[in-house]
Amino acid sequence: TRAVELHRPASGTYGFYLKRRPTSPSLTPSRHGFFVSRIASDENRKLLSGMLDEGDQILTINDVSLDPTGGSRASVSMEDVVQMMRTSDTLNLIVVPWLELEDW
């Protein structure tokens, strides 16, 4: 895992999109949770290089756990995550790079 601190750029967005994979008995635990689904542009890809990549799992945002193996998974919705990203000028993330995820 790695810690990533992002500051809201002048464009107003952080330059990446998330998707949520719900808990399911057919998926291994490393495939549940919130993941970077895409980077918004080539410019954002350059800015986020070495910090975030498509497929990375986000475990926490600003000390709020998104980890599906933790006890708070039911209380954090996609809407909650979007709201955190819209209202925070800084995002402190704990990220599992996609290359470190099990079963990929």
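A residue is taken as buried when its relative accessible area is under 20%, and in this predicted model that criterion singles out Val81, Met84 and Met85 as the buried residues of helix 2, which comprises residues 78–87. These residues span an arc of only 95° around the axis and therefore lie on the same side of helix 2. The face turned away from this buried side carries the exposed residues Glu79, Arg86 and Thr87. On the buried side, the packing partners of helix 2 are strand 2 (16–21), strand 3 (33–39), strand 4, strand 5 (64–65) and strand 6.

Two of these strands can be followed through individual threonines. In strand 4, which covers residues 57–61, Thr60 has a relative accessibility of 17% and therefore counts as buried, the limit being under 20%. Beyond the residues up to four places away in sequence, Thr60 touches Ser65 and Leu66 as well as Asn92, Leu93 and Ile94.

Thr90 belongs to strand 6, which is formed by residues 90–96. With a relative accessible area of 25%, Thr90 is partly exposed. When neighbours within four places in sequence are set aside, the contacts of Thr90 are with Glu5, Leu6, His7, Tyr14 and Asn62. Leu6 stands 84 residues from Thr90 along the chain, yet the C-alpha atoms of these two residues are separated by 5.6 Å. With His7, the side chain of Thr90 makes a polar contact at 3.2 Å, the partner being the His7 side chain.

Conventions: Residues are numbered from 1 along each chain as its sequence is written. This is a predicted model: local features need pLDDT of at least 70, side-chain atom pairs count only at pLDDT 80 or more; totals for chains, interfaces and linings use all residues. Side-chain values use heavy atoms; hydrogens and water are left out. Helices (H or I, at least four residues) and strands (E, at least two) are DSSP runs, numbered from the N terminus. Buried means under 20% relative accessible area, exposed over 50%, partly exposed in between (1.4 Å probe, protein chains only). Contact means heavy atoms within 4.5 Å. A polar contact is a pair of N or O atoms within 3.5 Å; within protein, one must be able to donate a hydrogen and the other to accept it, and residues adjacent in sequence count only if both atoms are side-chain atoms. The arc is that of the directions from the helix axis to the C-beta atoms.
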